[in-house]
Amino acid sequence: MREINVLWVDDEISFLKPHIIFLEKKNYKILPCQSGSEALEIFKSEDFDIVFLDENMPGLSGLETLAGLKEVKSNIPVVMITKSEEEYIMEEAIGSKIADYLIKPVNPNQILLSLKKNLDHSRLVAEKISSNYLQEFRKIAMEMNHVNSFEAWADLYKKIIYWELELENSQDGTMFEILEAQKTEANAQFSRFIDKNYPQWFQNKNAPVLSHTLFKTKIAPEVGIGHSTLLIVIDNLRFDQWKTIESTVNTHYKVKDEMLYYSILPTATQYARNAIFSGLTPKEMETHYPKYWKNDTDEGGKNLYEDKFLDTQLKRLGLSNLNHEYIKITNLKAGKKLAENFKSKANNDLTVLVYNFVDMLSHSKTEMEVIKELASDDRGYRSLTHSWFKNSPLLDIIKQAQLLKFKLIITTDHGTINVKNPSKVIGDKNTSLNLRYKTGRSLSFDGKDVFAAKDPSSIGLPSISMNSAFIFAKNNLFFAYPNNYNHYVSYFKNSYQHGGISLEEVLIPFVVLNPR
């Protein structure tokens with residue numbers, strides 16, 4: 001451990017000799033001085049890790065000295081020590097960004113605690129988190145071997161994300177690697193769980209909330225005539241990304257209910273989001289609304305009729321009298337315009353806002369080297385999402401909604417995963433292009449890598465042609481064709497994709513919030 005340099009400024013420094021001896025035995029190097037002016041001269045020429053500063057001194061006061069210290073090196077923590085408990089002094093010191101505030105008389109252990117809190121805090125917290133996760137690791141591993149219900153998988157995934165976020169800023173790279181390995185194993189077992197249980201959910205056998213049942217079971221009970229609700233569907237928002245932006249949202253809203261629901265397969269916008277707004281499976285959409293539904297191989301946009309699907313569902317649920325409006329934001333200009341004019345939505349009972357930025361971000365990562373560098377892993381991806389959200393028109397819209405006393409619902413249609421390993425697939429020219437799922441005839445694939453649905457209707461999906469099937473990539477795999485294989489793999493490896501089966505794609509947030 002290196003020696004820590006401490007500047008201690010007090011006009012009665014001689015009385016603090018026992019404290020200094022105590023700290024020096026703990027490997028702290030103390031440089032004492034007796035005035036603010038002397039402290040400033042020393043501070044300019046020498047390097048210190050922290051400063052202890054008496055508030056009541058002749059000549060330059062502690063607050064005046066503090067201002068001078070901050071002008072020289074604003075990043076060095078300063079601990080104010082004072083006999084006075086007057087509120088204005090505390091406020092002045094805190095406003096000047098002091099690191100700590102101690103009231104005389106102080107004992108050596110108080111000083112030691114302040115040093116550790118300011119200089120060793122990150123290390124001590126990281127060590128404690130690592131220790132706690134190591135204990136929890138065994139519990140999670142045991143749970144993983146016995147989890148056999150959709151509720152238990154949601155609970156387990158919440159635990160994994162909790163520890164991932166806790167360990168995120170830890171310097172313990174080994175512990176983070178252990179967590180990543182555990183998450184990979186969890187995804188492998190989750191894929192087997194989906195393989196075994198997913199078809200049963202479409203026979204109404206103990207099914208979780210799915211994309212096509214979300215509105216009826218979770219959203220409709222939260223809306224009604226006479227009170228305004230803002231439903232925000234942020235495309236491609238994972239649970240860990242929600243937890244990253246949650247604290248910012250909580251400044252304006254408090255969480256009433258938070259849950260994970262299950263995206264249908266494919267975990268792709270045209271399937272999952274259309275299912276949310278229609279309240280129907282893709283197969284039912286194709287059957288009952290063929291003019292609104294398009295299959296993978298059809299020309300044209302696949303999500304052009306979400307507003308029409310919403311209208312039909314509200315009518316079916318007896319909610320057609322709701323004064324509602326559907327809005328889709330696909331660019332910054334449109335987002336800013338809505339933020340500026342959001343007051344015009346005050347009389348809506350239900351305002352539905354689809355915000356596409358996260359989807360564009362994840363896709364652009366594949367195309368743009370800068371985004372690739374900024375979001376090279378899940379930690380970077382979360383950080384980029386958080387930075388975007390704090391500076392986005394979406395946050396301005398949420399602020400406006402809070403002032404207008406809107407209830408807020410935040411959810412998504414599916415998540416996304418950083419794909420690592422290729423899985424070879426062969427199909428005819430009419431096979432769909434998505435990297436995480438394929439639909440078509442005569443598909444050739446590695447059975448251990450996929451969940452295959454030879455009869456798409458059994459899981460609520462349409463067939464694009466006679467004898468066509470669906471396959472879904474498991475874990476962090478992505479499909480690659482044998483032609484130009486190496487180039488294809490190199491191009492898409494470590495990019496964010498969706499459509500397949502993983503905890504990140506399937507288990508997604510649904511949050512109800514009330515205004516503060």
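This section describes the cores, aromatic pairs, enclosed elements and selected loop residues of a predicted model.

The largest nonpolar core holds 98 residues. Within this core, W153, F190, Y262 and L353 touch the most other members. Helix α7, residues 150–167, gives the most to the core, with 9 residues. Apart from it lies another core, of 19 residues. I42, L53, I76 and V78 are among the residues of that second core.

W153 has contacts in several parts of the chain. Beyond its neighbours up to four places away in sequence, W153 touches M144, V147, A186, Q189, F190, F193, Y262, L503 and L507. Two of these partners, F190 and Y262, are listed with W153 among the residues that touch the most other members of the largest core.

A search of the whole structure finds 34 aromatic pairs. W153 and F193 form one of them. This pair is tilted, with 6.3 Å centre to centre and 50 degrees between the planes. W153 lies in helix α7 and F193 in helix α8, residues 173–197, so the pair ties together parts that are 40 residues apart in sequence. Both W153 and F193 are buried. A further pair is formed by Y198 and F451; the ring centres are 6.2 Å apart and the planes stand at 80 degrees, so this pair is edge-to-face. Y198 lies in the loop between α8 and α9, whereas F451 belongs to strand β15, residues 450–453. The two residues are 253 apart, and the pair links distant parts of the chain. Y198 counts as buried at 1% relative accessibility. F451 counts as buried at 3%.

Charged side chains also sit over aromatic rings. The charged end of R379 is placed over the ring of F176, 4.6 Å from its centre. Likewise, the charged end of K424 sits over the ring of Y485, 4.7 Å from the ring centre.

Two secondary-structure elements are largely enclosed. In helix α11, residues 269–278, 10 of the 10 residues are buried, so the helix is largely enclosed by the rest of the structure. The buried residues of α11 include Y271, R273, N274 and F277. Just after α11, G279 takes a positive phi of about 70 degrees. Strand β4, residues 78–82, has 5 of its 5 residues buried, so this strand too is largely enclosed by the rest of the structure. Both faces of β4 are covered. V78, M80 and T82 lie on one side, and V79 and I81 lie on the other. Strand β3, residues 50–54, runs parallel to β4 and is joined to it by 4 bridges. L53 of the second core has M80 as its bridge partner in β4.

Two serines in loops make polar contacts. S502 is found in the loop between β18 and α20. Its relative accessible area is 0%, so S502 is buried. The side chain of S502 makes a polar contact with the side chain of E505, at 2.7 Å. Not counting residues up to four places away in sequence, S502 touches N187, F190, I417, R436, N475 and L507. The C-alpha atoms of S502 and E71 are separated by 51 Å, and the two residues are 431 apart along the chain. S432 is found in the loop between β12 and β13. At 3% relative accessibility, S432 counts as buried. A polar atom of the S432 side chain lies 2.9 Å from the backbone nitrogen of T439. T439 is also among the contacts of S432 outside four places in sequence, together with D296, Y437, K438 and Y481.

Cis peptide bonds and positive phi values mark further loop positions. A cis peptide bond joins K104 and P105, with omega about 0 degrees. P105 is found in the loop between β5 and α5. The bond from L265 to P266 is also cis, with omega near -5 degrees. P266 lies in the loop between β7 and α11. N236 has a positive phi, near 75 degrees, in a residue other than glycine. This asparagine lies in the loop between β6 and α10. N236 is buried, with a relative accessible area of 0%. N467 likewise has a positive phi, near 70 degrees. N467 lies in the loop between β15 and β16. With a relative accessible area of 68%, N467 is exposed.

How values were computed: Residues are numbered from 1 along each chain as its sequence is written. Side-chain values use heavy atoms; hydrogens and water are left out. Buried means under 20% relative accessible area, exposed over 50%, partly exposed in between (1.4 Å probe, protein chains only). Contact means heavy atoms within 4.5 Å. A polar contact is a pair of N or O atoms within 3.5 Å; within protein, one must be able to donate a hydrogen and the other to accept it, and residues adjacent in sequence count only if both atoms are side-chain atoms. A nonpolar core is a set of buried Ala, Val, Leu, Ile, Met, Phe, Trp, Tyr and Cys residues joined through side-chain atoms within 4.5 Å. Rings of Phe, Tyr and Trp (its six-membered ring) pair if their centres lie within 6.5 Å; planes under 30 degrees apart count as stacked, over 60 as edge-to-face and the rest as tilted. A charge sits over a ring if NZ of Lys or CZ of Arg is within 6 Å of the ring centre and within 35 degrees of the ring normal. Two strands pair if DSSP finds at least two bridges between them.
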